[in-house]
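This report introduces a protein model with a bound ligand. It turns to the ligand and its surroundings, and then to one loop residue.

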Amino acid sequence: MLQVRDLCCGYRDITVLRDINFEIEEGETLALVGSNGAGKTTLLMSISGHISPNSGKIIMNGADLASKGPDKRCVLGVGLVPEGRRIFPDLTVFENLKAIAEIKIDNRSYREEKINSLISKFELDSIRDIKADFLSGGQKKKLVIAIALISDPKILLLDEPFAALDVMTIKTLQEIIVDLQRLNNISVILCDHQARDLLACVDTAAIIHNGKVVAQGTPTSLIQNIDARNAYFGDSFKIS
Ligand code: ATP
(Lines give C-alpha, C1' and ligand atoms only; values in the text may rest on other atoms or scores of the structure.)
Protein backbone atom coordinates (compact mmCIF):
# COMPACT_ATOMS: atom_id res chain seq x y z
CA MET A 1 0.00 0.00 0.00
CA LEU A 2 2.99 2.34 0.43
CA GLN A 3 6.04 2.32 -1.81
CA VAL A 4 9.14 4.45 -1.31
CA ARG A 5 11.18 4.64 -4.50
CA ASP A 6 14.69 6.08 -4.87
CA LEU A 7 14.00 8.63 -2.14
CA CYS A 8 16.70 11.22 -1.43
CA CYS A 9 16.12 13.84 1.22
CA GLY A 10 17.80 16.05 3.74
CA TYR A 11 18.04 19.61 4.97
CA ARG A 12 19.16 22.49 2.73
CA ASP A 13 22.48 21.31 1.25
CA ILE A 14 22.85 18.30 3.59
CA THR A 15 21.71 14.98 2.12
CA VAL A 16 20.61 12.61 4.91
CA LEU A 17 19.00 9.75 2.96
CA ARG A 18 20.03 8.43 -0.46
CA ASP A 19 18.16 6.08 -2.78
CA ILE A 20 15.84 4.70 -0.12
CA ASN A 21 13.62 1.89 -1.43
CA PHE A 22 11.10 -0.18 0.46
CA GLU A 23 7.44 -1.04 0.51
CA ILE A 24 4.88 -1.92 3.12
CA GLU A 25 1.66 -3.84 2.61
CA GLU A 26 -1.72 -3.21 4.20
CA GLY A 27 -1.67 -4.36 7.81
CA GLU A 28 2.11 -4.87 7.86
CA THR A 29 4.46 -3.48 10.51
CA LEU A 30 7.92 -2.24 9.58
CA ALA A 31 10.68 -1.13 11.96
CA LEU A 32 13.29 1.41 10.91
CA VAL A 33 16.50 0.61 12.73
CA GLY A 34 19.65 2.71 12.76
CA SER A 35 22.12 4.57 14.94
CA ASN A 36 21.53 8.08 16.25
CA GLY A 37 21.39 10.48 13.32
CA ALA A 38 20.90 7.71 10.72
CA GLY A 39 17.83 9.49 9.34
CA LYS A 40 14.88 7.52 10.77
CA THR A 41 12.94 10.62 11.84
CA THR A 42 13.78 12.29 8.52
CA LEU A 43 12.29 9.31 6.68
CA LEU A 44 9.09 9.33 8.76
CA MET A 45 8.73 13.10 8.25
CA SER A 46 9.22 12.68 4.48
CA ILE A 47 6.42 10.11 4.38
CA SER A 48 4.13 12.38 6.44
CA GLY A 49 4.90 15.33 4.15
CA HIS A 50 6.65 17.50 6.74
CA ILE A 51 9.92 17.27 4.76
CA SER A 52 10.06 17.58 0.97
CA PRO A 53 12.31 15.01 -0.71
CA ASN A 54 15.05 16.17 -3.09
CA SER A 55 14.09 13.34 -5.44
CA GLY A 56 12.30 10.02 -5.55
CA LYS A 57 8.70 8.98 -5.03
CA ILE A 58 6.37 8.05 -2.20
CA ILE A 59 3.33 6.25 -3.56
CA MET A 60 0.31 5.30 -1.49
CA ASN A 61 -2.37 3.06 -2.95
CA GLY A 62 -1.19 4.07 -6.42
CA ALA A 63 -1.22 7.84 -5.75
CA ASP A 64 2.01 9.86 -5.82
CA LEU A 65 2.13 11.89 -2.60
CA ALA A 66 4.73 14.37 -3.92
CA SER A 67 2.35 17.29 -4.43
CA LYS A 68 0.43 16.68 -1.21
CA GLY A 69 1.30 18.42 2.04
CA PRO A 70 0.87 16.94 5.55
CA ASP A 71 -2.84 17.87 5.80
CA LYS A 72 -3.75 16.18 2.51
CA ARG A 73 -1.69 13.12 3.41
CA CYS A 74 -3.51 12.96 6.74
CA VAL A 75 -6.83 12.93 4.88
CA LEU A 76 -5.48 10.16 2.64
CA GLY A 77 -4.68 8.12 5.73
CA VAL A 78 -1.12 8.94 6.81
CA GLY A 79 -0.94 9.44 10.59
CA LEU A 80 2.24 10.66 12.30
CA VAL A 81 3.03 10.45 16.00
CA PRO A 82 6.26 12.45 16.31
CA GLU A 83 8.62 11.93 19.21
CA GLY A 84 7.51 14.15 22.09
CA ARG A 85 4.24 15.08 20.39
CA ARG A 86 2.50 17.83 22.29
CA ILE A 87 -0.87 17.48 23.89
CA PHE A 88 -2.94 20.20 25.53
CA PRO A 89 -1.61 20.11 29.13
CA ASP A 90 -4.57 21.92 30.69
CA LEU A 91 -7.17 19.70 29.04
CA THR A 92 -8.20 16.33 30.40
CA VAL A 93 -7.64 13.08 28.50
CA PHE A 94 -11.24 13.21 27.27
CA GLU A 95 -10.99 16.89 26.30
CA ASN A 96 -7.75 16.29 24.38
CA LEU A 97 -9.45 13.58 22.33
CA LYS A 98 -12.57 15.73 21.89
CA ALA A 99 -10.57 18.79 20.77
CA ILE A 100 -9.02 16.86 17.88
CA ALA A 101 -12.16 14.84 17.14
CA GLU A 102 -14.15 18.07 16.71
CA ILE A 103 -11.75 19.12 13.95
CA LYS A 104 -11.57 15.72 12.25
CA ILE A 105 -15.07 14.25 12.60
CA ASP A 106 -18.21 16.18 11.58
CA ASN A 107 -20.81 13.63 12.61
CA ARG A 108 -21.50 14.16 16.31
CA SER A 109 -22.65 10.67 17.20
CA TYR A 110 -19.75 9.03 15.32
CA ARG A 111 -17.39 11.48 17.06
CA GLU A 112 -18.61 10.43 20.50
CA GLU A 113 -18.54 6.78 19.55
CA LYS A 114 -14.96 7.16 18.30
CA ILE A 115 -13.75 8.94 21.46
CA ASN A 116 -15.38 6.36 23.72
CA SER A 117 -13.99 3.43 21.73
CA LEU A 118 -10.47 4.90 21.90
CA ILE A 119 -10.77 5.52 25.65
CA SER A 120 -11.82 1.92 26.06
CA LYS A 121 -9.22 0.45 23.63
CA PHE A 122 -6.35 2.30 25.33
CA GLU A 123 -7.73 1.65 28.83
CA LEU A 124 -7.91 5.37 29.60
CA ASP A 125 -11.27 5.15 31.45
CA SER A 126 -9.82 5.67 34.92
CA ILE A 127 -7.87 8.77 33.85
CA ARG A 128 -10.31 10.31 31.35
CA ASP A 129 -10.90 13.35 33.59
CA ILE A 130 -7.25 13.88 34.56
CA LYS A 131 -5.44 16.85 33.02
CA ALA A 132 -2.84 15.71 30.48
CA ASP A 133 -0.11 17.60 32.32
CA PHE A 134 -0.47 15.18 35.23
CA LEU A 135 -0.24 11.96 33.19
CA SER A 136 2.73 9.62 33.41
CA GLY A 137 5.00 9.19 30.38
CA GLY A 138 3.28 5.93 29.41
CA GLN A 139 -0.21 7.39 29.77
CA LYS A 140 0.83 10.34 27.56
CA LYS A 141 2.18 7.93 24.93
CA LYS A 142 -1.11 6.03 24.89
CA LEU A 143 -3.03 9.30 24.59
CA VAL A 144 -1.00 10.60 21.64
CA ILE A 145 -1.45 7.32 19.77
CA ALA A 146 -5.18 7.40 20.53
CA ILE A 147 -5.33 10.98 19.20
CA ALA A 148 -3.58 9.88 15.98
CA LEU A 149 -6.21 7.16 15.50
CA ILE A 150 -9.10 9.66 15.52
CA SER A 151 -8.55 10.27 11.80
CA ASP A 152 -8.68 6.53 11.01
CA PRO A 153 -5.20 6.37 9.45
CA LYS A 154 -4.37 3.60 7.02
CA ILE A 155 -0.71 3.89 7.93
CA LEU A 156 0.63 5.04 11.28
CA LEU A 157 4.15 6.43 11.68
CA LEU A 158 5.48 6.17 15.24
CA ASP A 159 8.71 7.91 16.18
CA GLU A 160 10.30 6.34 19.28
CA PRO A 161 7.10 5.10 20.96
CA PHE A 162 9.01 3.11 23.61
CA ALA A 163 11.42 5.86 24.72
CA ALA A 164 11.62 6.27 28.50
CA LEU A 165 8.93 3.67 29.25
CA ASP A 166 9.00 0.84 31.76
CA VAL A 167 8.90 -2.82 30.72
CA MET A 168 5.17 -3.34 31.34
CA THR A 169 4.15 -0.14 29.52
CA ILE A 170 6.30 -1.15 26.54
CA LYS A 171 4.51 -4.53 26.56
CA THR A 172 1.13 -2.78 26.55
CA LEU A 173 2.17 -0.57 23.64
CA GLN A 174 3.51 -3.59 21.73
CA GLU A 175 0.12 -5.27 22.16
CA ILE A 176 -1.63 -2.12 20.94
CA ILE A 177 0.63 -2.01 17.86
CA VAL A 178 0.01 -5.69 17.07
CA ASP A 179 -3.75 -5.11 17.54
CA LEU A 180 -3.71 -2.15 15.13
CA GLN A 181 -2.40 -4.55 12.56
CA ARG A 182 -4.46 -7.62 13.50
CA LEU A 183 -7.84 -6.02 14.26
CA ASN A 184 -7.80 -2.81 12.24
CA ASN A 185 -5.49 -3.75 9.35
CA ILE A 186 -3.51 -0.54 9.88
CA SER A 187 0.06 -0.55 8.57
CA VAL A 188 2.64 0.75 11.01
CA ILE A 189 6.15 2.10 10.45
CA LEU A 190 8.03 2.73 13.68
CA CYS A 191 11.51 3.47 14.88
CA ASP A 192 13.03 3.17 18.32
CA HIS A 193 16.35 2.52 20.01
CA GLN A 194 14.85 -0.30 22.07
CA ALA A 195 15.80 -2.71 19.28
CA ARG A 196 14.63 -5.89 21.04
CA ASP A 197 11.26 -4.38 21.93
CA LEU A 198 10.92 -3.06 18.41
CA LEU A 199 11.81 -6.30 16.65
CA ALA A 200 9.45 -8.25 18.92
CA CYS A 201 6.36 -6.55 17.46
CA VAL A 202 7.08 -6.09 13.73
CA ASP A 203 6.87 -8.21 10.59
CA THR A 204 9.97 -6.74 8.95
CA ALA A 205 12.72 -4.22 9.64
CA ALA A 206 14.99 -2.04 7.54
CA ILE A 207 18.49 -1.14 8.70
CA ILE A 208 19.49 2.42 7.78
CA HIS A 209 23.20 3.20 7.69
CA ASN A 210 25.13 5.97 5.98
CA GLY A 211 21.93 7.28 4.43
CA LYS A 212 20.91 3.97 2.84
CA VAL A 213 18.87 0.89 3.61
CA VAL A 214 21.66 -1.68 3.94
CA ALA A 215 19.45 -4.67 4.83
CA GLN A 216 15.76 -5.50 5.09
CA GLY A 217 13.91 -8.59 6.19
CA THR A 218 12.26 -10.38 9.07
CA PRO A 219 13.77 -9.76 12.52
CA THR A 220 15.20 -13.29 12.71
CA SER A 221 16.75 -13.10 9.25
CA LEU A 222 18.21 -9.65 9.91
CA ILE A 223 20.15 -10.51 13.02
CA GLN A 224 21.98 -13.15 10.95
CA ASN A 225 22.56 -10.68 8.08
CA ILE A 226 26.19 -9.60 7.86
CA ASP A 227 25.38 -6.06 6.61
CA ALA A 228 22.85 -5.57 9.41
CA ARG A 229 25.34 -6.83 11.99
CA ASN A 230 28.12 -4.60 10.68
CA ALA A 231 25.87 -1.55 10.51
CA TYR A 232 23.90 -1.89 13.72
CA PHE A 233 23.60 -5.10 15.73
CA GLY A 234 27.23 -6.07 16.21
CA ASP A 235 28.23 -9.69 16.86
CA SER A 236 26.53 -10.46 20.16
CA PHE A 237 22.96 -9.12 19.63
CA LYS A 238 20.20 -11.62 20.35
CA ILE A 239 16.42 -11.06 20.09
CA SER A 240 15.73 -12.58 23.50
P1 ATP B 1 17.94 9.61 16.45
O2 ATP B 1 17.88 8.14 16.54
O3 ATP B 1 19.11 10.19 17.19
O4 ATP B 1 16.63 10.28 16.80
P5 ATP B 1 17.48 9.72 13.57
O6 ATP B 1 17.92 8.45 12.93
O7 ATP B 1 16.01 9.88 13.80
O8 ATP B 1 18.28 9.97 14.92
P9 ATP B 1 17.32 12.23 12.20
O10 ATP B 1 16.73 12.95 13.33
O11 ATP B 1 16.48 11.91 11.03
O12 ATP B 1 18.04 10.89 12.68
O13 ATP B 1 18.58 13.07 11.70
C14 ATP B 1 19.35 12.66 10.58
C15 ATP B 1 20.41 13.73 10.31
O16 ATP B 1 19.75 14.93 9.91
C17 ATP B 1 21.26 14.09 11.52
O18 ATP B 1 22.58 14.24 11.10
C19 ATP B 1 20.70 15.42 11.99
O20 ATP B 1 21.69 16.22 12.56
C21 ATP B 1 20.20 16.02 10.69
N22 ATP B 1 19.05 16.92 10.91
C23 ATP B 1 17.89 16.60 11.50
N24 ATP B 1 17.04 17.66 11.50
C25 ATP B 1 17.71 18.67 10.89
C26 ATP B 1 17.39 20.03 10.56
N27 ATP B 1 16.19 20.54 10.86
N28 ATP B 1 18.32 20.76 9.92
C29 ATP B 1 19.53 20.24 9.59
N30 ATP B 1 19.90 18.96 9.86
C31 ATP B 1 19.00 18.18 10.50
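A polar contact is a pair of N or O atoms within 3.5 Å. The model described here is predicted. In it, a polar side-chain atom of Glu160 lies 3.3 Å from an oxygen atom of the ligand. Side-chain N or O atoms of Lys40 and Thr42 also lie at short listed distances from ligand oxygen atoms, at 2.7 Å for Lys40 and 2.5 Å for Thr42. The table sets out these pairs.

| Residue | Distance from a side-chain N or O atom to a ligand oxygen atom |
|---|---|
| Lys40 | 2.7 Å |
| Thr42 | 2.5 Å |
| Glu160 | 3.3 Å |

On its own, the ligand has 640 Å² of accessible area, of which the protein covers 62%.

**The shell around the ligand**

The ligand is surrounded by 13 residues, and those that come nearest are Asn36, Lys40, Thr41, Thr42 and His193. By character, the shell holds three nonpolar, seven polar and three charged residues. Which element gives the largest share of this shell? That element is helix H1, residues 40–48, which contributes three residues.

**A loop residue**

Ala164 belongs to the loop that joins strand S7 (155–159) to helix H6 (167–184). Is Ala164 buried or exposed? Its relative accessibility is 80%, and because residues over 50% count as exposed, Ala164 is classed as exposed. Along the chain, Ala164 and Gln194 are 30 residues apart, and their C-alpha atoms are separated by 9.7 Å.

Note on methods:
Residues are numbered from 1 along each chain as its sequence is written. This is a predicted model: local features need pLDDT of at least 70, side-chain atom pairs count only at pLDDT 80 or more; totals for chains, interfaces and linings use all residues. Side-chain values use heavy atoms; hydrogens and water are left out. Helices (H or I, at least four residues) and strands (E, at least two) are DSSP runs, numbered from the N terminus. Buried means under 20% relative accessible area, exposed over 50%, partly exposed in between (1.4 Å probe, protein chains only). A residue is near a molecule or strand if one of its heavy atoms lies within 4 Å of it. A polar contact is a pair of N or O atoms within 3.5 Å; within protein, one must be able to donate a hydrogen and the other to accept it, and residues adjacent in sequence count only if both atoms are side-chain atoms. Accessible areas come from the Shrake-Rupley method with a 1.4 Å probe; for residues, only the protein chains shown count as cover. Ala, Val, Leu, Ile, Met, Phe, Trp, Tyr, Cys and Pro count as nonpolar, Asp, Glu, Lys and Arg as charged, and the others, Gly among them, as polar.
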